[in-house]
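Me: I'd like to learn how to read the spaces and odd bonds in a protein model. Can we go through one together?

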Amino acid sequence: MTTKRKNVAIVCGGDSGEYEISVQSGNVVSKFLDKEKFQPFLIYIKGKDWFFKPSEDSTINIDKNDFSLTIDGEKTVFDVVFNALHGTPGEDGKLLGYLDMIGIPYTSSNHIVSALTFNKDFCKQVVKSVGVALADSVLLRRGQSFKAHEVVSELGLPLFVKPNSNGSSVGVSKVNSEKELKPALEKAFKEDEYALIESFIKGREIGCGVFEFKGRMMVLPITEIISKNEFFDYDAKYTKGKSDEITPADVDEDIDLEIKALAAQLYNRIGCRGFVRFDFILTDEDIYFLEVNTVPGMSAASIIPQQAEVMGISLSDFFGMAIENVI
Ligand SMILES: Nc1ncnc2c1ncn2[C@@H]1O[C@H](COP(=O)(O)OP(=O)(O)O)[C@@H](O)[C@H]1O
Ligand SMILES: [Mg+2]
């Protein structure tokens, strides 16, 4: 007996500066999904335009009543959504709430967890409750008055300024002097209504992928990210040669285990689903939580695919497991 292939909508694009990266992630997922088990459809989401591209110059719109696609009179309904949409509306919960309402399973964390983790300040409050080290921070709303010297005297220099809800380092600045604070905030406010100002944590940047597959926790080998720029900015993330990513990271075994245990603990505490990447900064004293990505990059340059490879899991198996985990 042959089982029918599952129809998989790989959602990508979105409404943030991560559009292009998400399209790359979506293409990688589409390319590597096992075609004997799954039939992939890459679905672009941009504002109200949700569509499939059967060829370069044609598009077919999704029917938002049931997220279906009608091609040449034949209707396709999806068994599952593979979430490759970084940023809004894929990573902040909006699209996921809609999918819950119409009853289509998806590979990533649910809408509440996504909304929480996409808001860096809210997420830090939950992480704090577990007793994990965090950078001190100040949250500002667009238009709110502030005194640069007070912020600097509270948090010190350098500072990091970032949109409270965003990704790929879009709108993130390292601030080395008091006078750089205002322009950095203006840049962050272009991306979001809230900006998070954080004290600088000097240390080694570590990414740790976690994936609970059918009740079994898998923690991937950890990666050290060594940026050749001043920090892991957009350019360093996506330009070949601008950062070294070392997997497994060269750290003592006890530290390696501590980071992995912490990532697994946070995954459980937050209630994540699917594969997630926790980012930490390792200092001489502590492991600082930086952020968690619930729709981590899946492009060739991304960290999770590198970690899966080192663990000996092919991308086909890895993506297949993400789907089989929820259907
Ligand atoms: N408090 C901090 N101390 C040191 N480096 C930081 C800090 N915050 C951010 N960075 C640097 O900026 C990068 C982007 O910040 P991050 O919070 O991860 O935002 P994004 O969601 O855009 O990836 C990090 O990968 C790191 O290199
Ligand atoms: Mg980050």
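Reply: Sure, and let's start with a term: a polar contact is a pair of N or O atoms within 3.5 Å; within protein, one must be able to donate a hydrogen and the other to accept it, and residues adjacent in sequence count only if both atoms are side-chain atoms. Here, a backbone N or O atom of isoleucine 201 sits 2.9 Å from a nitrogen atom of ligand 1. A polar side-chain atom of glutamate 198 is also 2.9 Å from a nitrogen atom of ligand 1, and a polar backbone atom of serine 169 lies 2.6 Å from an oxygen atom of ligand 1. The protein covers 97% of the 540 Å² of accessible area that ligand 1 has on its own (Shrake-Rupley method, 1.4 Å probe; for residues, only the protein chains shown count as cover).

Me: Before we go on, what kind of model is this?

Reply: This is a predicted model, where local features need pLDDT of at least 70, side-chain atom pairs count only at pLDDT 80 or more, and totals for chains, interfaces and linings use all residues. Residues are numbered from 1 along each chain as its sequence is written, chains are lettered from A and ligands numbered from 1 in the order in which they are written, and side-chain values use heavy atoms, with hydrogens and water left out.

Me: Which residues come nearest to ligand 1?

Reply: A residue is near a molecule or strand if one of its heavy atoms lies within 4 Å of it. Of the 20 residues around ligand 1, the nearest are Lys120, Lys162, Ser169, Glu205 and Glu291. Domain 2 (116–132 + 203–324) and domain 3 (137–199) both contribute to this shell, so ligand 1 lies between them; the domain bounds come from an automatic or database domain assignment.

Me: How do I find empty space?

Reply: You roll a probe the size of a water molecule over the atoms, and that shows where empty space is left. On a 1 Å grid over the protein atoms alone, a cavity is a set of points where a 1.4 Å probe fits but cannot get out, while a pocket is an open set with protein on both sides within 12 Å along at least five of seven lines; lining residues have an atom within 4 Å of a point. Grid points are joined across faces, edges and corners, and a volume is the space filled by probe spheres set on the points. In this model the second largest pocket holds about 230 Å³. Its lining has 13 residues, with Thr88, Asp92, Phe118, Ser165 and Asp192 nearest its centre. Domain 1 (6–107) and domain 3 (137–199) both give residues to that lining, so the pocket lies between them.

Me: What about cavities: how many are of 30 Å³ or more?

Reply: The count is 1. The largest cavity has about 60 Å³ of space, and residues lining it include Asn83, Phe275 and Ala322.

Me: And the odd bonds?

Reply: Most residues other than glycine have a negative phi, and most peptide bonds are trans. Here, a cis peptide bond joins threonine 88 and proline 89, with omega about 5 degrees. Another cis bond joins threonine 247 and proline 248, with omega about -5 degrees. Aspartate 72 is not a glycine, yet has a positive phi of about 50 degrees.
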